[in-house]
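Biologist: I should like to learn how to read a structure that is new to me. Please take me through it one feature at a time.

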Amino acid sequence: MKKKDSPVRPEAIKEDSHDTALRPRLLKEFVGQKTMKDNLSVFISAAKERSDSLDHLFLIGPAGLGKTTMAQVVANELETGFIQTTAPALEKPKDLVGFLTNLKKGDVFFIDEIHSLKPAIEELLYIAMEDYGIDWVVGQGPMARTIRIAIKPFTLVGATTKAGVVSSPLISRFGITCRFSFYEQEDLEAIVRRSAGLLNVKIDKDAASLLARSSRGTPRVVNQLLKRMRDFAQYAGEPGITLPVVKDGLSRLEIDELGLEKQDREILKIIIERYKGGPVGAETLAISIGESVETLEDYYEPFLIQAGLIQRTPRGRTVTNFAYGHLGLKPVNNEKTLFENE
Ligand code: ADP
């Protein structure tokens, strides 16, 4: 299904060239996620002291929270090479073998969306992760035999938005697991101020604060909104980003005070109006809003759940009373309605 354009959709700006400039390079530049950083800093310095490769690292969290950035930061801190791919790009075993045989000692090999690896490739990866080897079949028919090719010790960094669908044999081969949480207001403010400095644009304190509050707890979104506000400020002939520029800009982008986009509100409205508040299954809901299930589950839902607007139940998604309140609607108490109807 064709995806609609969203002003701040993470994948829409993944390739933005300015994005690279905004990426923190070292742990001390990486804002927030303090416990994760403290632990990683210990593991990295211990591995460096032993001249070992760092244990394989599993990064879990919604899109735009800094998984790719952290993988690069780890490579920079280890002072090793960084090689990057995504699971859907690994179509045949030889695609993976190509990467693995070119790795240098200690390199960080990053596989994004690791939940979508093909089974044959995943099998290959197990041996590579555990024994730094590849089992490769040569010859055909009765002459076929498997040879083990040695590869250099490396660190696999696997990232996923869907930890629940990663197989347990793969999970068990990661020595370190890090879970990203949505960012606090003060962290997002720090990120937006840092980015404004790098982009050489002036932003007032109250303007930064409102932007941080409106960015779904997500660094990629706050950076994207900052760039749009820079456009609005420039268009209005303002020398910098002020609070009125941000207020006006957010309303033009149809982003409300909770940081919800039009499509977020549409999701809530559809669950309420078409499905009586839920439960409704993810696939049905995705079709109703004209998005793919992936976009619904990876982008919209995590924040709607975090903000306390929807809940995931075994029977599907339901909206909360808070969602009714936010949309200015009156909650319908299903049980009471049934009772009253009798
Ligand atoms: P993910 O891989 O989880 O989708 P990315 O690592 O691509 O997310 O992060 C998106 C953007 O957000 C990066 O380009 C970076 O500029 C910014 N970013 C992410 N995490 C942080 C952070 N902790 N501090 C500062 N900027 C961050």
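Modeller: Helices are DSSP runs of H or I with at least four residues, and strands are runs of E with at least two, both numbered from the N terminus. By that rule, helix α5 covers residues 119-131, and Y132, which comes after α5, has a positive phi near 50°. Please keep in mind throughout that this is a predicted model.

Biologist: How many helices and strands does the protein chain have?

Modeller: There are 15 helices and nine strands in the protein chain. Its C-alpha atoms fill a box of roughly 75 × 60 × 35 Å along the principal axes. The chain has 342 residues, and 49% of them count as buried.

Biologist: What share of the contacts joins residues at least 24 apart in sequence?

Modeller: The share is 70%, taken among contacts between residues at least 6 apart in sequence.

Biologist: How should I read the surface, and what do carbon and sulfur atoms supply of the exposed area?

Modeller: The protein chain exposes about 17,400 Å², of which carbon and sulfur atoms supply 51%. As for charge, there are 46 positive and 47 negative charges, and their mean positions lie 2 Å apart.

Biologist: Let us turn to the interior. Which residues have the most contacts inside the largest nonpolar core?

Modeller: The general idea is that nonpolar side chains tend to be buried together in soluble globular proteins. In this model, the largest nonpolar core has 73 residues, and those with the most contacts inside it are L40, L59, M70, V74, L211, I241 and L268. A second, separate core has 26 residues, among them F58, V97, L124 and L170.

Biologist: What does L268 touch, apart from residues up to four places away in sequence?

Modeller: L268 touches L260, L304, L309, I310, V319, A323 and L327.

Biologist: How can the length of a helix be checked, and what span should α5 have?

Modeller: One multiplies 1.5 Å by one less than the number of residues. Helix α5 has 13 residues, so it should span 18 Å; its end C-alpha atoms are 19 Å apart, which agrees.

Biologist: Which residues of α5 are buried, and what covers them?

Modeller: An α-helix has 3.6 residues a turn, so residues three or four places apart point the same way. The buried residues of α5 are I121, E122, L124, L125, Y126, A128 and M129. Their cover includes the helices α4 (93-101) and α6 (168-171), together with the strands β3 (108-112), β4 (133-138) and β6 (155-160).

Biologist: What of single residues: is T85 buried or exposed?

Modeller: The cut-off for buried is under 20% relative accessible area. T85 has 8% relative accessibility, so it counts as buried. This residue belongs to strand β2 (residues 82-86). Beyond its neighbours within four places in sequence, T85 is in contact with L90, F99, F109, F110, I111 and D112.

Biologist: Why does V137 count as exposed?

Modeller: Exposed means over 50%, and V137 counts as exposed because its relative accessibility is 51%. V137 is part of strand β4. With neighbours within four places left aside, V137 is in contact with A144, R145 and T146. V137 and R148 are 11 residues apart along the chain, and 8.8 Å separates their C-alpha atoms.

Biologist: Where is F43 found, and what does F43 touch?

Modeller: F43 is a residue of helix α2. Its relative accessible area is 34%, which means that F43 is partly exposed. Leaving out residues up to four places away in sequence, F43 touches L54 and I176. From F43 to Q185, the C-alpha distance is 28 Å, with their positions 142 residues apart in sequence.

Biologist: Let us close with the backbone. What is the phi of Q33, and what is that of E113?

Modeller: Q33, a residue other than glycine, has a positive phi near 50°. Its place is the loop between α1 (17-22) and α2 (34-49). With 11% relative accessibility, Q33 counts as buried. E113 is not a glycine either, and its phi is positive at about 50°. E113 lies in the loop between β3 and α5, and counts as partly exposed because its relative accessibility is 34%.

Biologist: Which residues does a cis peptide bond join?

Modeller: The cis bond joins G278 and P279, with omega about 5°. P279 is in the loop between α11 (262-275) and α12 (282-289).

Notes:
Residues are numbered from 1 along each chain as its sequence is written. This is a predicted model: local features need pLDDT of at least 70, side-chain atom pairs count only at pLDDT 80 or more; totals for chains, interfaces and linings use all residues. Side-chain values use heavy atoms; hydrogens and water are left out. A nonpolar core is a set of buried Ala, Val, Leu, Ile, Met, Phe, Trp, Tyr and Cys residues joined through side-chain atoms within 4.5 Å. Buried means under 20% relative accessible area, exposed over 50%, partly exposed in between (1.4 Å probe, protein chains only). Contact means heavy atoms within 4.5 Å. Accessible areas come from the Shrake-Rupley method with a 1.4 Å probe; for residues, only the protein chains shown count as cover. Lys and Arg count as positive and Asp and Glu as negative; His and the chain ends are not counted. The place of a charge is taken as NZ of Lys, CZ of Arg, CG of Asp or CD of Glu.
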